[in-house]
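I opened this entry to record what I looked up, beginning with cysteine pairing and then turning to one strand residue and the main pocket.

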Amino acid sequence: MADAAQVTIRRATPADVPGLSAMLKALVAAGKRSRPADEAFVMASYVANPDGISCFVALSEDGEVLGLQALSRATAGNPYGTPEGWGIIGTHVSPAAARRGVGSGLFRATREAAQAAGLPTIEAYIQTANAEGRGYYAAMGFRSWRSPDGVDCKRFDLST
């Protein structure tokens, strides 16, 4: 598996959807994801989300999808209860690429996109059972700020 120096981070395109879907299906098979992972979901929710600000993909030297990070602008009535105008972030890293710098590389790109979009804050909506996810966001500088039933919502303030 590639180390962080051999990982390419770039904006996802429709051509990436099959690989992104396959990576998400691997997360489902590993018990690390319960949401849909089919190509239509990936396209609509990540790559071509109408509220999307960015969707970055991490690729190995041989083009294997190692992860994705999507950022969208929270609109009124969003399913997470994220304040309107904030960013909503989602991060997914291949089980084979965990703890190899993929997530931090993705967040550097996403943070720049969030700042360029003028977001005040980014929120991550993480199931409390997802210790890896909570640890990742804490390591990126997110802090817990609200706890709906079974969820740890962490925020990253861009103005600080």
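**Cysteines, a strand residue and a pocket**

I searched the whole structure, which is a predicted model, for disulfides, and the search returned 0. I then looked at how accessible individual cysteines are: Cys 55 has a relative accessible area of 6%, and Cys 153 has a relative accessible area of 0%. I noted Cys 55 as buried because its value is under the 20% cut-off, and Cys 153 is buried by that cut-off as well.

Next I turned to Ser 54, which I found in strand β2. Is Ser 54 buried or exposed? Its relative accessibility is 5%, so I entered Ser 54 as buried. Leaving out residues up to four places away in sequence, I listed the contacts of Ser 54 as Arg 11, Gln 69, Ala 70, Leu 71, Thr 110 and Ala 113.

Last, I looked up the largest pocket, which holds about 1,500 Å³ of space. Its lining is made up of 50 residues, of which Gly 90, Thr 91, His 92, Asn 130 and Tyr 137 are the closest to the centre of the pocket. I also checked which elements give two or more residues to this lining, and wrote down the helices α2 (39-47), α3 (102-116) and α4 (131-139) together with the strands β2 (52-59), β3 (65-73), β4 (87-93) and β5 (121-127). Sorting the lining residues by character, I recorded 22 as nonpolar, 20 as polar and 8 as charged. Strand β2, where I had found Ser 54, is thus one of the elements on my list for the pocket lining.

Definitions and conventions
Residues numbered from 1 in each chain as written. Predicted model: local features only at pLDDT ≥ 70, side-chain atom pairs only at ≥ 80, totals over all residues. Heavy atoms only, no water. 1 Å grid on protein atoms, 1.4 Å probe; cavity = no way out; pocket = protein on both sides within 12 Å on 5 of 7 lines; lining within 4 Å. Points joined across faces, edges and corners; volume = space filled by probe spheres on them. Helix = DSSP H or I, 4+ residues; strand = E, 2+ residues; numbered from the N terminus. Nonpolar A, V, L, I, M, F, W, Y, C, P; charged D, E, K, R; others polar. Disulfide = S-S within 2.5 Å. Buried < 20%, exposed > 50% of the residue type's maximum accessible area, 1.4 Å probe, protein only. Contact = heavy atoms within 4.5 Å.
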